[in-house]
Amino acid sequence: MNPNGKRKKAGGGNFLGFILFLLIGACCGFLMIKPMENALDMGNFPLAILFFAAALLWMYAAFFIQIVFHEAGHLIFGLLSGYAFSSFRIGSFMWLKSPSGLSFKRLSLAGTGGQCLMAPPEGGWEKMPCLLYNLGGSITNLLSAGLFFSLYLFWRPSPLPASMLLIIAFVGLAFALINGVPLRMGPVDNDGRNALSLRRSPAARRAFWVQLRINQLSARGLRLRDMPGELFSLPAERDMGNSLCASTAVFTANRLMDEMRLQDAERLMVSLLSRPGNIPGLYLGLIKCDLMYCELMGQNRPEALEALNTKEQRKFMASMKSHPSVIRSRYALALLSQRDMAEAEKLGQQFEKTARSYPYPAELEGERALMAAAREQAEKAAATAG
């Protein structure tokens with residue numbers, strides 16, 4: 001596939017999403033016209049404004065409801081396919097299965113409304129069923145759209161509740177189409193496209209299994225450096241066009257960071273950034289955070305740091321300000337570039353606050369080691385300067 005073809009597919013997915021949600025907004029406005037007209041006919045302008053505000057709030061609520069249905073669909077169909085529960089997240093609220101049992105945690109990932117992660121079935125990736133788990137969210141959104149549309153038909157004599165039910169049905173249908181029809185949304189394949197590639201590509205199927213397995217082991221308390229090395233083999237060059245395969249290369253770079261092999265990690269991340277087309281934007285932002293850390297711990301060149309710390313990257317880091325690796329990189333930046341001990345202390349406190357509810361303690365252990373290395377380097381530099 002040529003690069004122009006990739007851009008067209010990405011644009012097609014984004015365009016479909018834009019059109020569908022534009023139509024949802026238009027439908028919400030249209031459905032609330034009648035209640036607003038009735039209020040205006042009574043001369044009650046504040047009530048008409050209230051109905052308009054209620055339409056906006058209810059559209060937001062409908063999105064939340066359908067996110068719950070979507071992730072619950074992944075959970076239900078995953079369990080039916082032989083997967084085991086690992087974690088379930090809506091917004092930043094997360095339920096995680098660990099060796100000590102089920103626990104409530106907090107995790108916020110920019111650009112994601114929720115996520116259901118499962119532990120892969122026993123027997124290895126070759127025979128792992130993938131279709132229902134990946135399409136379960138879209139199937140559930142579609143079923144819920146049918147359910148709420150049926151309820152709408154029942155409540156049609158009452159305009160306000162009927163409109164609210166129809167809005168949820170519209171949003172459910174949009175979710176089903178955007179996630180179920182095979183599309184590339186920016187650099188990321190949606191559920192439908194993932195399901196298609198998992199059926200066709202053994203490399204994609206293995207990459208999917210690897211990601212679920214790494215998440216399972218992280219929930220059990222293992223650091224990346226302590227996991228089996230075969231989980232971190234780089235995908236073949238021909239498979240890097242698949243976003244699932246490309247993502248496994250990011251995990252390999254993360255493992256090198258956890259092993260304190262910073263030069264090797266830096267080389268790999270620079271290579272990944274030279275061809276970022278199929279790496280999810282979230283991973284790209286985190287890679288740049290890690291590259292900042294490697295640069296600070298290595299040559300610490302102001303021009304290289306400036307090239308990484310772009311306006312777009314600062315915006316990403318602000319949206320992910322509670323993520324441990326982002327805090328760690330900002331901590332190193334304060335110590336080794338800005339020489340701002342007060343800011344570093346503040347970031348250290350922020351890290352510990354985040355750690356209290358973060359779901360993966362082994363990851364925190366690795367980040368603390370990287371922060372300690374930055375602090376030690378800053379102390380050596382201060383001693384040498386003194």
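Let us start with one residue, Leu153, which sits in helix α4, a helix that covers residues 131–155. With a relative accessible area of 45%, Leu153 is partly exposed, because that value falls between the 20% limit for buried and the 50% limit for exposed. Along the sequence, Leu153 and Leu165 are twelve residues apart, and in space their C-alpha atoms are 9.2 Å apart. Keep in mind as you look around that this is a predicted model.

Now step back and view the whole chain. The chain contains 15 helices and six strands. Of its 386 residues, 47% are buried. If you take the contacts in the chain with a separation of 6 or more, 65% of them are between residues 24 or more positions apart.

Next, let us see how some of the helices pack. Two packed helices are described by the angle between their axes and the distance between the axes. Find helix α7, residues 202–219, and follow it to where it packs with α8. Their axes are 8 Å apart and the angle is about 40°. That angle makes α7 oblique to α8, and the crossing of α7 past α8 is left-handed. Which residues in α7 and α8 meet? From α7 come Ala203, Ala204, Ala207, Phe208, Val210, Gln211 and Ile214, while α8 brings Leu244, Cys245, Ser247, Thr248 and Phe251. Sorted by class, the residues of this contact are nine nonpolar and three polar, with no charged ones.

Thr248 deserves a look of its own. Thr248 belongs to helix α8, which spans residues 243–258. Is Thr248 buried or exposed? Its relative accessibility is 6%, so Thr248 counts as buried. Leaving aside residues up to four places away in sequence, Thr248 touches Ala207, Val210, Gln211 and Pro235.

Follow the chain onward from α8 and you come to the loop between α8 and α9, where Met260 is placed. Most residues other than glycine have a negative phi, and most peptide bonds are trans. Met260 is not a glycine, yet it has a positive phi of about 60°. At 37% relative accessibility, Met260 is partly exposed.

In this part of the chain you can also look for charged partners. Side chains of opposite charge can pair when their charged atoms come close. The whole structure holds 14 salt bridges. In one of them, the side chains of Arg261 and Asp264 meet with 3.1 Å from N to O. Arg261 is partly exposed, with a relative accessible area of 41%, and Asp264 is partly exposed too, at 28%. Arg261 and Asp264 also belong to a network of salt bridges that links them with Arg255, Glu259 and Arg267.

The chain then leads us to a second pair of helices, α9 (residues 262–273) and α10 (residues 281–297). Their axes come within 10 Å and cross at roughly 140°. The two helices are therefore oblique to each other, and α9 passes α10 in a left-handed crossing. On the α9 side, the contact involves Leu262, Glu266, Met269, Val270, Leu272 and Leu273. Among the α10 residues that they meet are Leu284, Ile287, Asp290, Tyr293 and Glu295. By class, the residues of this contact divide into eleven nonpolar and four charged, with no polar ones.

Two of these α10 residues, Asp290 and Glu295, also take part in salt bridges. Asp290 pairs with Arg328, and their closest N and O atoms are 2.8 Å apart. This pair links distant parts of the chain, since Asp290 is in helix α10 and Arg328 is in helix α13 (residues 324–336), 38 residues apart. Both Asp290 and Arg328 are buried. Glu295, for its part, meets Arg301 side chain to side chain, with 2.9 Å from N to O. Here the two partners carry separate labels: Glu295 is buried, with a relative accessible area of 4%, whereas Arg301 counts as partly exposed at 31%.

Our last stop is Asn300, in the loop between α10 and α11 (302–308). Asn300 has a positive phi of about 55° although it is not a glycine. With a relative accessible area of 22%, Asn300 is partly exposed.

How values were computed: Residues are numbered from 1 along each chain as its sequence is written. This is a predicted model: local features need pLDDT of at least 70, side-chain atom pairs count only at pLDDT 80 or more; totals for chains, interfaces and linings use all residues. Side-chain values use heavy atoms; hydrogens and water are left out. Axes are lines fitted to C-alpha atoms, for helices over the stretch in contact, and angles run from 0 to 180 degrees between N-to-C directions. Helices (H or I, at least four residues) and strands (E, at least two) are DSSP runs, numbered from the N terminus. Angles under 35 degrees count as roughly parallel, over 145 as roughly antiparallel, 65 to 115 as roughly perpendicular and the rest as oblique. A crossing is left-handed if the near helix is turned anticlockwise from the far one by less than a right angle, and right-handed if clockwise. Contact means heavy atoms within 4.5 Å. Ala, Val, Leu, Ile, Met, Phe, Trp, Tyr, Cys and Pro count as nonpolar, Asp, Glu, Lys and Arg as charged, and the others, Gly among them, as polar. Buried means under 20% relative accessible area, exposed over 50%, partly exposed in between (1.4 Å probe, protein chains only). A salt bridge is a side-chain nitrogen of Lys or Arg within 4 Å of a carboxyl oxygen of Asp or Glu.
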